[in-house]
Amino acid sequence: MNETAIEVNSKTEWFAIKTRQDFRAEEELSPLCEEVLFPKEIISVSGKRNRVKAVIPRVLFIRTQRKEALELEKRGREHPELSVPFWIYRYPKDDSIQVIPQSSINLLRLLTADDTTRCEIFSKSDFSVNQRVRVTGGYFEGCEGYVQRVRKNKHVIVRIEGVCMVMLPFIHPDLLEPVAD
């Protein structure tokens, strides 16, 4: 086997997984994967203790080799008493497992960080609902999405294909450019 084939086989990639036991899956998969991303937020309930809640319920992102991801999935399905069962998101057309681009993971990290706030795009009438746009500066530079109305405010919505959609925090209209479809 040549060096290029070895590099391809040992390359780690991001995969989205769905499970009914997300907190347990994070605990079990963390030592087995290069990295596990499970976005959570703390919810304050008046008169009660704060509680931790999944930002995207029952969905985690794991970074590992493709072969290892499939083996972990198989082990969880065949031996649920030993390992938490989960399903890797797959492409609908050919049923192969879906790779999540690093840029989508970076965006998800930014959007689920503790210090972000959800704000709208202000006062630029050049952008219409469902128009495809690209962010040209700031933390989200290079991200592409669609302008959407959410609670009567304009937001840029970025889709992680087949997994979820995320709403960007405030993006100044001067940092947006239209993208041809």
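Start with the whole protein chain in view: of its 181 residues, 38% count as buried. What you have open is a predicted model. Colour the chain by secondary structure and you should find four helices and 12 strands. Among contacts with a separation of 6 or more, 62% join residues 24 or more positions apart. If you switch on a surface, its accessible area comes to about 11,300 Å², and carbon and sulfur atoms account for 49% of that.

**Stop 1: the nonpolar cores**

Hide the surface and select Ile17, Leu29, Ile62 and Ile88. These residues touch the most other members of the largest nonpolar core, which has 16 residues. Now highlight strand E1 (12-18), helix H2 (22-29), strand E5 and helix H3 (66-78), the elements that give two or more residues to this core. In soluble globular proteins, nonpolar side chains tend to be buried together.

Stay with Ile88 for a moment. Setting aside neighbours within four places in sequence, which residues is Ile88 in contact with? The list is Phe15, Ala16, Ile17, Ala69, Leu70, Glu73 and Ile97. Then select Ala16, Ile56, Ile100 and Leu108, which are among the 10 residues of a second, separate core.

**Stop 2: helix H3**

Show H3 on its own. Its 13 residues, at 1.5 Å a residue, should span 18 Å, and the end C-alpha atoms lie 19 Å apart, which agrees. Next, pick out its buried residues: Ala69, Leu72, Glu73 and Gly76. Turn the view to look down the axis of H3, and these buried residues fall within an arc of 100°, so they line one face of the helix. Bring back E1, H2, E5 and strand E6 (87-88), which are included in what covers those buried residues.

Still in H3, select Arg66. Arg66 is partly exposed, with a relative accessibility of 35%. Its C-alpha atom is separated by 8.1 Å from that of Lys11, a residue 55 positions away along the chain. Apart from neighbours within four places in sequence, Arg66 is in contact with Lys11, Glu13, Phe15, Ile97 and Val99.

**Stop 3: Thr64 in strand E5**

Move to E5 (residues 59-65), where you will find Thr64. Is Thr64 buried or exposed? Its relative accessible area is 5%, so Thr64 is buried, the cut-off being under 20%. Show the residues around Thr64: leaving out those up to four places away in sequence, it touches Lys11, Thr12, Glu13, Phe15, Cys33 and Ala69.

**Stop 4: helix H4**

Go on to helix H4 (residues 102-111) and select Ser104, Ile105, Leu107, Leu108 and Leu111, which are buried. Around the axis they cover an arc of only 160°, which puts them on the same side of H4.

**Stop 5: salt bridges**

How many salt bridges does a search of the whole structure find? There are eight. Three of the pairs are worth a visit here.

- Select Lys40 and Glu26, whose closest N and O atoms are 2.8 Å apart in a salt bridge. This pair links distant parts of the chain, with Lys40 in strand E3 (residues 40-43) and Glu26 in helix H2, 14 residues apart. Lys40 is partly exposed, at a relative accessible area of 28%.
- Select Arg63 and Glu35, a salt bridge with its closest N and O atoms 3.4 Å apart. Arg63 lies in strand E5 and Glu35 in strand E2 (residues 35-37), so the pair ties together parts that are 28 residues apart in sequence. Glu35 is partly exposed, at 24% relative accessibility.
- Select Glu73 and Arg90, a salt bridge whose closest N and O atoms are 2.9 Å apart. Glu73 lies in H3, while Arg90 is in the loop between E6 and strand E7 (99-100), so this pair ties together parts that are 17 residues apart in sequence. Glu73 is buried, with a relative accessible area of 4%, whereas Arg90 is partly exposed at 25%.

To finish, select Glu34, Glu35, Arg63 and Arg109 together: salt bridges that share partners join these residues into one network.

How values were computed
Residues numbered from 1 in each chain as written. Predicted model: local features only at pLDDT ≥ 70, side-chain atom pairs only at ≥ 80, totals over all residues. Heavy atoms only, no water. Buried < 20%, exposed > 50% of the residue type's maximum accessible area, 1.4 Å probe, protein only. Contact = heavy atoms within 4.5 Å. Core = buried A, V, L, I, M, F, W, Y, C linked by side-chain atoms within 4.5 Å. Expected span 1.5 Å × (residues − 1). Arc of directions from axis to C-beta. Areas by Shrake-Rupley, 256 points an atom, 1.4 Å probe, with all protein chains shown as cover. Salt bridge = Lys/Arg side-chain N within 4 Å of Asp/Glu carboxyl O.
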